[in-house]
Structure formats: structure tokens, C-alpha cells
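Hi everyone, thanks for making the time. I'd like to walk you through a structure that may be new to most of you, so let's get it up on the screen.

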Amino acid sequence: MHFAQKYLEKLSIYKRNGQTSSKNNTNVLLYCNYYSFYSQKVLLALYEKNVDFEPFTVDITKGEQYSSWFLEINPRGEIPVLKVKDEIIPDSTRILDYLEVYLDPELPPLINVSTDAKILNNINKYRELIEALPVGVITVGSFFHPHLCGRPKLPFILPVREVLKTGDLSSSKNLRKLAEENPKARGILLYKAEIQDKKHEILANEEEYLKILNIVDDVFSLIENELKTQTEGNWLCCEKFSIADVNLAILLQRLWELGLEGRFWTGGKRPLIENYFNRVKQRESFKRTIPSLLFHIKMIISSQPPAYLGAAGAVSVAVVASFVYIIKKIAS
């Protein structure tokens with residue numbers, strides 16, 4: 001197997017995704033994982049803004065985000081985390097705002113892309129709607145209810161799905177064990193364990209999971225209608241690629257990987273969203289963000305059986321508030 005790995009290491013595509021380089025002297029470091037939905041949003045934004053940064057891959061399949069060294073960086077045990085010189089910025093939403101407000105103002109904007117207040121309000125509306133969707137629940141729930149999905153793609157294919165599903169079921173137990181081993185992070189880890197238990201109540205109930213998918217349907221209906229108002233060649237809210245597009249692009253990619261595109265947009269269901277996704281996949285920033293086939297192969301070759309903890313931090317009590325927010329927005 002090591003011969004195949006040596007071959008892959010010679011390929012530039014292998015090195016591009018998720019690899020760090022000691023030659024990069026940038027002051028911007030991103031702790032991330034190229035399979036993480038929330039990391040992907042930040043990576044896409046960084047590439048769109050042409051930020052010179054260094055990615056540092058955290059292996060979430062082996063629970064590295066809960067290792068003692070990473071908990072010193074982010075006591076919540078969550079990625080992504082942005083480090084700019086000596087400043088630490090956790091949480092993808094906060095990072096995206098930080099990139100716009102505090103980094104070089106000459107960088108291409110993603111939020112303040114227009115002087116038209118109506119456009120800016122629209123961008124914020126769709127950004128908030130998409131950010132409120134519980135992607136962690138949608139992802140893991142698809143493993144428990146595969147009959148609700150079509151054909152999953154890499155990385156969410158068998159036997160990976162079964163490994164992630166089994167690991168998710170034991171994640172609350174593992175979190176409680178980690179809480180005893182990491183006194184400084186004990187409170188947050190026990191909190192995450194409780195949330196994980198509550199999440200399983202949703203995941204095990206097909207009716208509850210369908211409610212979540214129906215909310216996604218409602219959001220996509222709004223997005224399809226918004227795209228109808230745009231002129232040809234525009235993105236979601238205007239001619240500029242914005243923070244709303246960053247969120248939508250990565251959401252569409254995740255749902256496609258889970259095999260849910262047939263439910264939400266293909267087969268003539270929402271042709272404008274389908275066309276939008278085909279266009280966004282051609283952007284160089286998107287290509288650099290999403291792991292390539294060779295990257296998937298490399299991970300399969302080099303990975304060991306994981307002590308999976310990755311989904312434990314994917315859901316929080318904020319999910320409840322998020323649903324309330326979405327329903328209000330849809331109704332308004």
C-alpha cells in the first residue's frame with residue numbers, strides 16, 4: 001500500500017487539498033479539515049478573497065479536535081479556528097465576519113459587495129437562512145434513514161457511512177470519557193455529550209428527520225424564487241459572488257454528497273438551483289476547497305480505524321433557535 005501512497009504524493013492535486021507547506025510564512029493559520037462542512041465555508045471564502053494562509057489539518061475522524069493541544073486553542077473542541085498572528089478566532093460565522101472587517105480592506109469583499117442597501121439586506125437574509133440549517137443533523141441523519149436519500153457520493157459511501165453512524169452512536173460516551181481526562185474542558189465536553197444524546201432522539205425518529213428536510217425544502221423554494229429575479233449570469237443576490245453564495249455553494253455540495261440532490265433540485269424540480277450549482281462548481285475557489293478524487297484515495301490509503309467523535313460538536317441547542325428563525329423568515 002505504501003507504493004500507492006508514494007505515487008499519490010508526487011501528484012500536485014494530492015498536495016493541494018489539505019496539505020500544509022513549511023515554505024509558507026503567512027501570519028494567517030487555519031485549523032480545519034477539508035471534509036468539514038464549516039471548514040469548507042471558510043476555505044471557500046479565503047480562496048475567494050485571495051488570502052495568503054496556511055491550512056493545518058485537524059483529523060476529526062480520530063477526535064483530534066478534542067486532543068489536549070487543540071483544546072488549548074479552542075476549549076469547545078470545534079473547527080475551524082483561524083489564527084492571525086496571536087489572535088484566535090473560532091466559529092465559521094465569526095471567522096467569515098473577521099475576514100471582511102479586520103483583514104486587508106483591499107481584499108475582494110464578500111459581504112459589502114454593493115452600495116445598494118436592498119441587495120445587502122438580501123445577502124444577509126439568505127446567509128442567515130442557510131447558516132441556521134442544522135447540517136450536522138442532516139448529514140448524520142442520512143446515515144440512519146438511507147431510504148430517504150438517493151445515491152451518496154464520496155466521502156459518504158459505504159463502509160464510511162456505517163463507520164460514521166456507529167461512531168456517532170458512541171460519541172456521547174466518548175465525550176464523557178474525554179471530559180474526565182481534560183478537566184479544563186470538562187464543562188463544555190459534558191454539555192456536548194448531553195446535546196449528542198438529544199440529537200440522537202431526532203436522528204432515530206424518521207418523522208422528526210423529515211421535518212428537517214421539509215424546512216430545507218422551504219428554504220430552497222425561497223432561493224429558487226430569488227434566482228428567478230436575477231438576470232442571467234448573476235449569483236444568488238446580485239452580479240457579485242457574496243457571502244450568501246459561499247454558504248449556498250457548500251450546502252449544495254454537502255447535500256449532493258449525501259445523495260439528496262434528487263429531493264431538492266434535480267429532475268426539473270428546481271432548475272435554477274441546478275444551473276447555479278453547475279456554475280459554482282466551475283469556480284477555481286470551489287475546486288480548491290472541495291477534496292478531489294485523489295485526495296479521497298489518499299485518505300482511504302493512509303487512514304486508520306477511527307475513534308470517531310467528529311459529529312459530536314455538529315449540533316447544539318442553537319438548532320432549536322435556528323428552526324424558529326427559519327420559520328419566521330419563511331413566513332415573512
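Before I point at anything, one definition: when I say helix or strand, I mean a DSSP run, at least four residues for a helix and at least two for a strand, numbered from the N terminus. Please also keep in mind that this is a predicted model.

With that in hand, let's try out the naming on one residue. Pro75 sits in the loop between helix H4, residues 68–73, and strand E3. Is Pro75 buried or exposed, or something in between? Its relative accessible area is 45%, so Pro75 counts as partly exposed. Setting aside residues up to four places away in sequence, Pro75 touches Ala185 and Ile188. There is also Lys184: it is 109 residues from Pro75 along the chain, yet their C-alpha atoms are separated by 7.9 Å.

Now to the sheet. Strands of a sheet pair through backbone hydrogen bonds, either parallel or antiparallel. Here we have an open sheet of four strands in the order E2-E1-E3-E4, and the pairing is mixed. E2 and E4, the latter being residues 87–90, are the edge strands, each pairing on one side only. From one strand to the next, the twist averages 20°.

Let's look inside that sheet, at strand E1, residues 28–32. How many residues of E1 are buried? Five of the five, so E1 is largely enclosed by the rest of the structure. Both faces are covered: Val28, Leu30 and Cys32 are buried on one side, and Leu29 and Tyr31 are buried on the other.

What does E1 pair with? On one hand there is strand E2, residues 54–57, which pairs with E1 in the parallel sense over four bridges. On the other there is strand E3, residues 81–84, which runs antiparallel to E1 and is joined to it by four bridges. Leu30 is a nice residue to follow here, with Pro55 as its bridge partner in E2 and Leu82 as its bridge partner in E3. Next along, Tyr31 stands opposite Val81 in E3.

And what lies across E3 and E4? That is helix H5, residues 92–101, which runs at about 125° to E4.

On to the helix pairs. Two packed helices are described by the angle between their axes and the distance between the axes. I have three pairs for you.

The first pair I'd like to show is H9, residues 171–181, with H10, residues 186–203: their axes come within 8 Å and cross at roughly 170°. Angles over 145 degrees count as roughly antiparallel, and that makes H9 roughly antiparallel to H10. The H9 side of the contact includes Leu175, Leu178 and Ala179, while the H10 side includes Leu189, Leu190 and Ala193. Charged residues take part as well, among them Arg176 and Glu180 of H9 and Arg186 and Lys192 of H10. By class, this contact has six nonpolar, four polar and six charged residues.

Next, H11, residues 206–229, and H12, residues 243–257. Their axes are 13 Å apart, and they pack at an angle of about 130°, so H11 and H12 are oblique to each other. Their crossing is left-handed. Which residues meet in this pair? From H11 we have Val216, Phe220 and Ile223, and from H12 we have Leu248, Leu251, Leu252 and Leu255. By class, that gives seven nonpolar, no polar and no charged residues.

H11 turns up again in the last pair, this time with H6, residues 117–131. Here the axes come within 11 Å and cross at roughly 155°, so H6 and H11 are roughly antiparallel. This crossing is left-handed too. Asn122, Tyr126, Leu129 and Ile130 in H6 meet Leu222, Ile223 and Glu226 in H11. Those residues divide into five nonpolar, one polar and one charged. If Ile223 sounds familiar, that's because we met it a moment ago: Ile223 also takes part in the contact of H11 with H12.

One more residue before I stop. Glu48 belongs to helix H3, residues 37–48. Where does Glu48 stand, buried or exposed? Its relative accessibility is 14%, so it counts as buried. Leaving aside neighbours within four places in sequence, Glu48 is in contact with Pro108, Leu110, Phe241, Arg283 and Ser285.

That's my tour. Thanks for listening!

Technical notes:
Residues are numbered from 1 along each chain as its sequence is written. This is a predicted model: local features need pLDDT of at least 70, side-chain atom pairs count only at pLDDT 80 or more; totals for chains, interfaces and linings use all residues. Side-chain values use heavy atoms; hydrogens and water are left out. Axes are lines fitted to C-alpha atoms, for helices over the stretch in contact, and angles run from 0 to 180 degrees between N-to-C directions. Angles under 35 degrees count as roughly parallel, over 145 as roughly antiparallel, 65 to 115 as roughly perpendicular and the rest as oblique. Contact means heavy atoms within 4.5 Å. Ala, Val, Leu, Ile, Met, Phe, Trp, Tyr, Cys and Pro count as nonpolar, Asp, Glu, Lys and Arg as charged, and the others, Gly among them, as polar. A crossing is left-handed if the near helix is turned anticlockwise from the far one by less than a right angle, and right-handed if clockwise. Buried means under 20% relative accessible area, exposed over 50%, partly exposed in between (1.4 Å probe, protein chains only). Two strands pair if DSSP finds at least two bridges between them.
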